[in-house]
Amino acid sequence: MSKSGRLIATSLFCLSLISYWDVAYKPPVFAQVQVPAQCKKLNIDGKASKSLQAVGVQAAKSCNSRMNNGFPIPDPACTPGAVNPTVTTDVLRQKTFTTKCVRDVATSPHEKTGTYLWYNFKHPANNTGSTQTCELDHLISLELGGADTLDNIWPQCGPKGVTLTKRYFKQKDTVENYLAAQVKAGKMDLGDVQKGIATNWTQYLDDARKACPSGKCK
């Protein structure tokens, strides 16, 4: 084969590799979340985020949750918590507000799943309904003006051998519902609550259980 022929053959081979790479290794494309129309009227930017502490990209197995009052809290170096500054107390009080204005807008479910690797948790199978054992939790919940960014998300798993209502994330749901009701009623300051739940969500658990025995506040 002539020199020019070899050059042409080499070029064609490289082009075929590039085409194969594009097809085989192209990153997944996620459907854009349909944000409810009222979110725009409320001036909510679902991608807005202000972290309570600057953090970088986390490496696999670099984060460790710890126990406090018998419940897990995330690693503050990995999950310090973040707020969405466009979701104010006035916005939360609006009947048209929904967490769909923020959920999965700044990060996709696929991106959130990566936090399992940060904390060295295996992604559980059949993790839904009565068999759910883990939740990718917003540390500062969306109903408290939390951001949908990864510095506000961690895998909350366990404990084993209990009913769904006794899972850690269900207990934290009670705290979130309680605090949201307190903020809307003007009994607690939103900023104080956001910092408090990010620092140690379990500090509110006793009061939340008393005020919301069914897990939801009226």
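In what order do the elements of the protein chain run from the N terminus on? Colour the chain by secondary structure and follow the trace: the order is α-α-β-β-β-β-α-α-β-β-α-α-α. That makes seven helices and six strands. Keep in mind that this is a predicted model.

**Whole chain**

Stay with the full view for a moment. Of the 218 residues in the protein chain, 39% are buried. Among contacts with a separation of 6 or more, 74% are between residues 24 or more positions apart. Switch on the surface: about 12900 Å² is exposed, and 55% of that area comes from carbon and sulfur atoms.

**The largest nonpolar core**

Hide the surface and select Ile 44, Leu 144, Val 175, Leu 179, Ile 197 and Trp 201. These are the residues with the most contacts inside the largest nonpolar core, which has 36 residues. Now add the elements that each supply at least two residues of this core: strand 3 (71-73), helix 3 (89-92), helix 5 (168-184), helix 6 (190-200) and helix 7 (205-211). Helix 5 gives the most, with six residues. As a general tendency, nonpolar side chains in soluble globular proteins are buried together.

**Leu 144**

Centre on Leu 144, in the loop between strand 5 and strand 6. Is Leu 144 buried or exposed? Leu 144 is buried, because its relative accessible area is 0%. Show its neighbours, leaving out residues up to four places away in sequence: Leu 144 touches Leu 92, Glu 176, Leu 179, Ala 180, Val 183, Leu 190, Val 193, Gln 194 and Ile 197. For a distance label, pick the C-alpha atoms of Leu 144 and Ala 181, which are 9.6 Å apart in space and 37 residues apart in sequence.

**Helix 5**

Next select helix 5 on its own. From first C-alpha to last, its 17 residues reach 25 Å, close to the 24 Å expected at 1.5 Å a residue. Colour helix 5 by burial: 13 of its 17 residues are buried, so the helix is largely enclosed by the rest of the structure. Step just past the end of helix 5 to Gly 186, where phi is positive, at about 80°.

**Asp 137**

Move to strand 5 and pick Asp 137. Asp 137 counts as buried because its relative accessible area is 2%, under the 20% cut-off. Which side chain does a polar contact of 2.9 Å join to that of Asp 137? The partner is the side chain of Lys 172. Lys 172 is also one of the residues that Asp 137 touches, along with Asn 152, Ile 153, Trp 154, Gln 156 and Glu 176, again not counting residues up to four places away in sequence.

**Helix 4**

Finish at helix 4, residues 109-118, and show Lys 112, Thr 115, Tyr 116 and Trp 118, which are buried. Look down the axis: these residues lie on the same side of helix 4, because they cover an arc of only 160° around it. In general, an α-helix has 3.6 residues a turn, so residues three or four places apart point the same way. On the other side of helix 4, His 110 and Leu 117 are exposed. What covers the buried residues of helix 4? The cover includes strand 5 (134-138) and strand 6 (153-157). The last stop is Asn 120, just after helix 4, which takes a positive phi of about 60°.

Terms used:
Residues are numbered from 1 along each chain as its sequence is written. This is a predicted model: local features need pLDDT of at least 70, side-chain atom pairs count only at pLDDT 80 or more; totals for chains, interfaces and linings use all residues. Side-chain values use heavy atoms; hydrogens and water are left out. Helices (H or I, at least four residues) and strands (E, at least two) are DSSP runs, numbered from the N terminus. Buried means under 20% relative accessible area, exposed over 50%, partly exposed in between (1.4 Å probe, protein chains only). Contact means heavy atoms within 4.5 Å. Accessible areas come from the Shrake-Rupley method with a 1.4 Å probe; for residues, only the protein chains shown count as cover. A nonpolar core is a set of buried Ala, Val, Leu, Ile, Met, Phe, Trp, Tyr and Cys residues joined through side-chain atoms within 4.5 Å. The arc is that of the directions from the helix axis to the C-beta atoms. A polar contact is a pair of N or O atoms within 3.5 Å; within protein, one must be able to donate a hydrogen and the other to accept it, and residues adjacent in sequence count only if both atoms are side-chain atoms. The expected span of a helix is 1.5 Å times one less than its number of residues.
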